[in-house]
Amino acid sequence: MHPNREQLQDILMRANQHARKQARELGASIYYIKDNKRIREDAEGNMFEISFNSEGNRLEVRFDKWWK
């Protein structure tokens with residue numbers, strides 16, 4: 001039997017939580033897009049918005065956790 005939509009959403013949510021937990025335990029950052037912003041979240045849970053300036057240099061600005 002195939003899972004329904006709610007079951008699939010639950011499976012994806014649990015997989016996401018598991019991947020985040022593993023990354024934190026290993027001290028790795030995770031990268032994702034939220035509200036059309038590139039985000040890097042470090043192992044301590046600090047979030048940074050990633051952007052690039054006109055010269056192509058990567059910039060990271062601390063991103064508040066208001067939406068988390």
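Is Arg58 buried, exposed or partly exposed? Select Arg58 and look at its surface: at 42% relative accessibility it counts as partly exposed, because the partly exposed class lies between the 20% and 50% limits. Bear in mind throughout that this is a predicted model.

**Stop 1: Arg58 and Glu60**

Keep Arg58 selected and add Glu60. The two form a salt bridge, with 2.5 Å between the closest N and O atoms. Glu60 counts as partly exposed too, at 32% relative accessibility. Now add Phe52, which stands opposite Arg58 in β4.

**Stop 2: β3 and β4**

Extend the selection to residues 47–52, strand β3, and residues 58–63, strand β4. These strands run antiparallel and are joined by six bridges. Besides Phe52 and Arg58, a pair to pick out is Ser51, which has Leu59 of β4 opposite. When you display side chains here, recall that in a regular strand they alternate between the two faces of the sheet.

Follow the chain from β3 into β4. The strands make a hairpin with five residues between them. Select Gly56 in that turn and read its phi, which is positive, at about 90 degrees.

**Stop 3: β2 and β3**

Leave β3 on screen and add residues 37–41, strand β2. This pairing is also antiparallel, over four bridges. To check the register, select Arg38 and look across to β3, where its bridge partner is Ile50.

The connection between β2 and β3 is again a hairpin with five residues between the strands. Gly45 sits in this turn and has a positive phi of about 95 degrees.

**Stop 4: helix α1**

Select residues 5–26, helix α1. What distance lies between its end C-alpha atoms? Place a distance label on them and it should read 32 Å. That agrees with the expected span of 32 Å for 22 residues at 1.5 Å a residue, because the expected span takes one less than the number of residues.

Next, go to the two ends of the helix. Asn4 caps the N-terminal end of α1: one of its side-chain oxygens is 3.1 Å from the backbone nitrogen of Glu6. Just after α1, select Gly27, which takes a positive phi of about 75 degrees.

**Stop 5: Glu41 and its arginines**

Select Glu41, which lies in strand β2. Is Glu41 buried or exposed? Glu41 counts as buried, because its relative accessibility is 1% and the limit for buried is under 20%.

Add Arg20 to the view. Arg20 and Glu41 form a salt bridge, with the closest N and O atoms 2.9 Å apart. This pair connects distant parts of the chain, from Arg20 in helix α1 to Glu41 in strand β2, 21 residues apart. Arg20 counts as partly exposed, at 22% relative accessibility.

Then add Arg24. Its salt bridge with Glu41 has the closest N and O atoms 2.5 Å apart. Here too the link is between distant parts of the chain, with Arg24 in helix α1 and Glu41 in strand β2, 17 residues apart. The two side chains also make a polar contact, at 2.5 Å. Arg24 is partly exposed, with a relative accessible area of 35%.

Show the three residues together: Arg20, Arg24 and Glu41 are linked in a network of salt bridges. In the model as a whole, the count comes to six salt bridges.

**Stop 6: the cavity**

Stay with the network and turn on a cavity display. Rolling a probe the size of a water molecule over the atoms shows where empty space is left. How many cavities of 30 Å³ or more are there? The count comes to one, and the largest cavity has a volume of about 40 Å³.

To see what surrounds the largest cavity, select its lining: Arg20, Ala23, Arg24, Ala28, Ile30, Glu41, Asp42 and Ala43. Colour the selection by element of secondary structure. The largest share of the lining, three residues, comes from α1. The salt-bridge network of Arg20, Arg24 and Glu41 is part of that lining.

How values were computed
Residues numbered from 1 in each chain as written. Predicted model: local features only at pLDDT ≥ 70, side-chain atom pairs only at ≥ 80, totals over all residues. Heavy atoms only, no water. Pairing = 2+ DSSP bridges. Helix = DSSP H or I, 4+ residues; strand = E, 2+ residues; numbered from the N terminus. Polar contact = N/O pair within 3.5 Å; in protein donor to acceptor, adjacent residues only side chain to side chain. Buried < 20%, exposed > 50% of the residue type's maximum accessible area, 1.4 Å probe, protein only. Salt bridge = Lys/Arg side-chain N within 4 Å of Asp/Glu carboxyl O. 1 Å grid on protein atoms, 1.4 Å probe; cavity = no way out; pocket = protein on both sides within 12 Å on 5 of 7 lines; lining within 4 Å. Points joined across faces, edges and corners; volume = space filled by probe spheres on them.
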